[in-house]
Amino acid sequence: MAFPTTRMRRLRASEPIRRMVRETSLSPDDFIYPLFVTHGQGIRSEIGSMPGVFQLSIDEMVKELAEVTSLGIPGILLFGLPATKDAIGSEAYDDEGIIQKAVRAVKDRYPDLVVVTDVCLCEYTDHGHCGIVQGSRVLNDPTLELLAKTALSHAVAGADVVAPSDMMDGRVAAIRKVLDDEGYESTIIMAYSAKYSSAFYGPFREAAESAPKFGDRQGYQMDPANAREALREVALDIEEGADIVMVKPALAYLDVIRAVRERFDLPLAAYNVSGEYAMIKAAAARGWLDERRVVMESLTAMRRAGADLILTYFAKDVARWLGG
Ligand code: PBG
C-alpha cells in the first residue's frame, strides 16, 4: 500500500516515537578506548594531529582510567612507546617493556577492566616496519616467532586480549599455539583481520612514532580496492583461532564490515582510526562541522554496518554524551 495510506513520516513525528523504532543503538559497552603509553613519570604530551589524545606515562595513564571506568567503558587498547628501538623490536617482548609494565599497573588498580594489547613490531623497530627486515623485504615467517613472544609476554603481564595488527600470514595460529602451550588458553585473540594499507593511519604514526623509515606497508597490509580478499583474511584468522575479528579503518570500509557481518558469526570489531578522528576534530575546530552530531552519526553507521565493537578515540566523549 502506497501513499496516502502509507506515510513514512508517521514514525518520525516525535523523539519518543523515533526512539521506539530506532534500529541501531550506541552504548559505552561497545567501546574500546586506545591509549599511548610512554616511559617516564608525569608525562602527558598531546599529539599534534589528534587533539585530546595524549602520550601518557604509566602514572598518568592510571589516572586516566578512573574516568574511563566511571564512564562505563569496559576495555582499553594499549600502544607502547619503547625507550629504545632496534632491528628486531626487542622491547616488544621484554618483560620490562613499556606495555608489560603498563598492563601490570592497570591490572593492579583495575583488575576488571578488559586490557587489550596491540601486538606489532612497528613501534619497536628502528626501521618502523611490522616485521623483521632483510634488505627492502619484510620477512613473514621469521617474524611470527617474535609476534608470538610479544603476545605471550603481554598475556603473562595480565592482558585479557592480544590484538595482532602486523598482517603477517599465520600470526594468529602462531600466537594461539604459544599461548596454549604456556597455559594461557583463556587469553582472547582479537585479530586485525582485514587491515588495509591506509593513509588514514597518518596521525597514529605521529602518536606511536611508528612511521616506516623506507617504503610503505603495501607488501603486507591489504589493498583498499579489495573486499573479497577481506573475507579470505577473516576466514583464515577464524581457522587459525581468532575469537574476535576486526575491520580497519572503519568509515571508508563500511561495505567490508557489512560483508564480514553477513558471512561470519564471530564478534566483529571496527577500528575508527586516527585519521577519521583527526578529520572530524580539524573540521569541528574551524566550526565547519558539528563534532558531536558527526561523531554520533559515524559511530552509529559502523554499528549499523554490523560492527559489535568499536575501537575509538572518541570513546570517552561519546560515553559522556550518552549520559554514562
Ligand atoms: C600498528 C598499528 C597501526 C594502527 C594500529 N596498530 C598503524 C599502522 O599499521 O601503521 C593504526 C591505528 C590508527 O590509525 O588509529 N601496526
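## The largest pocket

In this predicted model, helix H10, which spans residues 291-305, gives the most to the lining of the largest pocket, contributing four residues. The pocket has a volume of about 350 Å³, and its lining includes Glu15, Arg22, Glu23, Glu297, Arg304 and Leu322. Sorted by character, the residues of this lining divide into three nonpolar, three polar and five charged.

## The second largest pocket

The second largest pocket has a volume of about 220 Å³. It is lined by 16 residues, of which Met167, Met168, Gly219, Tyr220 and Gln221 are the closest to its centre. Strand E7 (137-139) and helix H7 (228-240) each supply at least two residues of this lining, whose residues divide into six nonpolar, five polar and five charged.

## The ligand and its surroundings

The space taken by the ligand is the largest cavity. Around the ligand there are 17 residues, and the closest are Lys195, Arg205, Lys248, Ser274 and Tyr313. Strand E9 (188-195) and helix H6 (202-207) each supply at least two residues of this shell, in which nine residues are nonpolar, three are polar and five are charged.

Several side chains make polar contacts with the ligand: an N or O atom in the side chain of Lys195 is 2.6 Å from an oxygen atom of the ligand, while a polar side-chain atom of Arg205 lies 2.7 Å from a ligand oxygen. For Lys248, an N or O atom of the side chain is 3.4 Å from a nitrogen atom of the ligand. On its own the ligand has 400 Å² of accessible area, and the protein covers 100% of that area.

Terms used
Residues are numbered from 1 along each chain as its sequence is written. This is a predicted model: local features need pLDDT of at least 70, side-chain atom pairs count only at pLDDT 80 or more; totals for chains, interfaces and linings use all residues. Side-chain values use heavy atoms; hydrogens and water are left out. A residue is near a molecule or strand if one of its heavy atoms lies within 4 Å of it. A polar contact is a pair of N or O atoms within 3.5 Å; within protein, one must be able to donate a hydrogen and the other to accept it, and residues adjacent in sequence count only if both atoms are side-chain atoms. Accessible areas come from the Shrake-Rupley method with a 1.4 Å probe; for residues, only the protein chains shown count as cover. On a 1 Å grid over the protein atoms alone, a cavity is a set of points where a 1.4 Å probe fits but cannot get out, and a pocket is an open set with protein on both sides within 12 Å along at least five of seven lines; lining residues have an atom within 4 Å of a point. A molecule sits in a cavity or pocket if more than half of its atoms lie within 2 Å of its grid points. Ala, Val, Leu, Ile, Met, Phe, Trp, Tyr, Cys and Pro count as nonpolar, Asp, Glu, Lys and Arg as charged, and the others, Gly among them, as polar. Grid points are joined across faces, edges and corners, and a volume is the space filled by probe spheres set on the points.
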